[in-house]
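Visitor: I would like a close look at a single part of this model, the enclosed space inside it, and I would be glad if you then led me on to the aromatic rings. Please take your time over it.

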Amino acid sequence: MDRFNTNLESMLVMSIADDADEALNAAGELLHRARPLVSAGEILSYEALSDYVPAPASQRRTAEFLKNLDLNTVEADFRTAAADIGFRPAAFSDFYRRLAELKRLAAEPEYITTSTMRDGGLDTLLRRFYTRHSDGRHIVMTYLHPKRGGHPSTWYQDVSDALGIDDNRYVMTSARQVGYELRDIVYRDFELITAIVFLGVVACLFVSFRGSPLRVTVSLLPLLAGIFWMTAVMMLSGLKFNYINVIVLPAIIGIGIDSAIHIIHRYDEEGRIRPIVEYTGRALMMTSLTTMVGFGSLAVSRYRG
């Protein structure tokens, strides 16, 4: 990447319109806005259809410029100057031929379109930058390569704002953007889900213990202690919650509350500690160990999430 001054990551900006010319013009406008970001180093480089075919609006401006040129006078002045210097006219035959073609195009412009590209055998190149959606809209794709290094989600929003991305004509996406969006959705959802699960567990405890705040609090203490130790060990070992492993929080609340419920119910029945430890405690120790083995086996997995 350093040798060729490029980046394997890319952002895709789709210019969307009802006809091909409008989509190509929108892509041309986008590129005009992107060039200052390239100069500033915010965007490393770009790939666009306009590298090969100017936007229709640009072609029309060029055609209008050619119409206003007096190419006959240009040719006459050139022939006179060449003769005065002593050049042979035959040496410029190719130039005169191209000038005659330019005169013809100035009088009757021939614009390069997606159809002329396809007919000219450039269909493979065209497919990389242009497609037509099933709803009939035309889409021209521009590839922007971000500057090297990490890109926080706010960076993509800043680039989007600088490019003037709006929902009417443009859509910008990238693999990293999709990852950030999925992460935000998961975090937001699991914060809500964890709160719902915890409140649901507390409500069930109040029903089970017939509204006794003391029994509800005591049954929650082992769960809260377990969550505290889990987060403490994660902090000490440098582990962090991410949008893959955060799913464990609602599961821990649902699974971790069971033992305390059984202990308190058995205490209500027996009124003594010994049978609780001897019978219920033994069963709970076994179920807790099997659960630990089941989840703990993931620690040796190669799946880092």
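Guide: A cavity, as the word is used here, is a set of grid points where a 1.4 Å probe fits but cannot get out. Rolling a probe the size of a water molecule over the atoms shows where empty space is left. The model is a predicted one, and a search of the whole structure finds 1 cavity of 30 Å³ or more. The space in the largest cavity comes to about 60 Å³.

Its lining is made up of Leu24, Ala27, Gly28, Ala48, Leu49, Ser50, Val53, Ala55, Val140 and Thr142. Two elements, helix H1 (20–40) and strand E4 (138–146), each give two or more residues to this lining, and H1 gives the most, with 3 residues. By character, the lining of the largest cavity divides into 7 nonpolar and 3 polar residues, with no charged ones.

Turning from the cavity to the rings, the structure holds 11 aromatic pairs. In one of them, Phe92 and Tyr96 lie 6.5 Å apart from centre to centre, and with 55 degrees between the planes the pair is tilted. Tyr96 is buried, because its relative accessible area of 10% falls under the 20% limit for that word. In another pair, the ring centres of Phe228 and Trp229 are 5.6 Å apart and the planes stand at 75 degrees, so this pair counts as edge-to-face; here both Phe228 and Trp229 are exposed.

Phe92 and Tyr96 also belong to one aromatic cluster, which they form together with Phe78, Phe87 and Phe95. Tyr96 has a charged partner as well, since the charged end of Arg79 sits over the ring of Tyr96, 3.7 Å from the ring centre. A further arrangement of this kind involves Arg128, whose charged end sits over the ring of Phe129 at 5.6 Å from the centre of that ring.

One last residue is worth a look, and this one lies in a loop. Ser212 is found between helix H8 (175–208) and helix H9 (213–237), and the side chain of Ser212 reaches the backbone nitrogen of Arg215 at 3.3 Å. With a relative accessible area of 15%, Ser212 is buried.

Notes
Residues numbered from 1 in each chain as written. Predicted model: local features only at pLDDT ≥ 70, side-chain atom pairs only at ≥ 80, totals over all residues. Heavy atoms only, no water. Helix = DSSP H or I, 4+ residues; strand = E, 2+ residues; numbered from the N terminus. Buried < 20%, exposed > 50% of the residue type's maximum accessible area, 1.4 Å probe, protein only. Polar contact = N/O pair within 3.5 Å; in protein donor to acceptor, adjacent residues only side chain to side chain. Phe/Tyr/Trp six-rings, centres within 6.5 Å; stacked < 30°, edge-to-face > 60°. Lys NZ or Arg CZ within 6 Å of the ring centre and 35° of its normal. 1 Å grid on protein atoms, 1.4 Å probe; cavity = no way out; pocket = protein on both sides within 12 Å on 5 of 7 lines; lining within 4 Å. Points joined across faces, edges and corners; volume = space filled by probe spheres on them. Nonpolar A, V, L, I, M, F, W, Y, C, P; charged D, E, K, R; others polar.
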